[in-house]
Amino acid sequence: MSDVFLSYSRKDSRSALAFAERLRDEGFSPWVDQTGIHGAEKWSAEIVDALEMAKVVILLVSQASNSSPHVHREIALASELEKHILPVEIEPVALSRELKYPLAGLHRLPIADLPSIVRSLEKLGVPQGERPEPAVPTFGKKDAREALMVLPFEDLSPNEDNSWFSDGLTGELIHALANIRSLRLIDRNTAMEYKGARGKTSDIARELDVRYFLEGQVRKFGTEIKISAELLDIETGDHIWNMSHKGSFSDIFDVQEEVAKKVVE
């Protein structure tokens, strides 16, 4: 396992992976989660093991990581394990409540100041030159599976008060699609970080190395609900498939299952 654990928001993937490569060039071997982890069991089996083995946890500080529940859990566990935490700023931010305590009194280094970061790692007992086998596939290794991301479904109800249902539907779809072995599916925690994101899907595709997106909307009128979804190919710009489903809000969980079944088929 690696001596350095890299904690970051998926929205900062491009910066994080470039930074990891720079650390490798300096002789370090950071552990980076880029496997599309989904489900609490896999999270605990892989990320917790990596945190326990690491000497130093580097947190890439940004607006995105500042509000990321995924990052908050990693840093909380690192603090509980009494790991050295090294904050590295992608951009200056006022820390959230979840990060203020574990980062209290720690000096934040700018991501561009690689010499200072290297010296800090050496002072914290991380040797240069050792290159253990990475715990995840190397960046150059191609995954033959099709990469798919379920974007958080939008709540377009008149009162916009059904986001709990649209979020639940997003999770149900990810859970159902995870059983298709030919897909490399982006996990729910990462997908939810893009809820309400106004950026172009092409930018998200580059950040997460994803070609296909499933997106949709939820509309509730009285006791009736309508769900629409479409599958997009970002590489070609094609709308591959779309569907709509109407049902009663009183049978809401049956509606979720029926929509998930249609999407999987």
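This report describes the nonpolar cores, one open sheet and the residue S228 in a predicted model.

Residues are numbered from 1 along each chain as its sequence is written, and side-chain values use heavy atoms, without hydrogens and water. In this predicted model, local features need pLDDT of at least 70 and side-chain atom pairs count only at pLDDT 80 or more, while totals for chains, interfaces and linings use all residues.

The largest nonpolar core (buried Ala, Val, Leu, Ile, Met, Phe, Trp, Tyr and Cys residues joined through side-chain atoms within 4.5 Å; buried means under 20% relative accessible area, 1.4 Å probe, protein chains only) has 35 residues. Elements giving two or more residues to this core include α7 (163–177) and β10 (224–233), where helices (H or I, at least four residues) and strands (E, at least two) are DSSP runs. Helix α7 gives the most, with six residues. Another core, of 21 residues, lies apart from it and has L109 among its members.

Two residues have the following contacts (heavy atoms within 4.5 Å), not counting residues up to four places away in sequence.

| Residue | Residues touched |
|---|---|
| L173 | V150, F153, L214, V259, A260, V263 |
| S228 | F153, E215, G216, Q217, R219, M243, S244 |

S228 is placed in strand β10 and is buried, with a relative accessible area of 15%.

The open sheet has five strands in the order β2-β1-β3-β4-β5, with parallel pairing (at least two DSSP bridges between two strands). β2 (30–31) and β5 (109–110) stand at the edges, each with a single partner strand, so one side of each lacks a neighbour in the sheet. Two bridges join β4 (residues 84–89) to β5, and V88 stands opposite L109 in β5.

Definitions and conventions
Buried means under 20% relative accessible area, exposed over 50%, partly exposed in between (1.4 Å probe, protein chains only).
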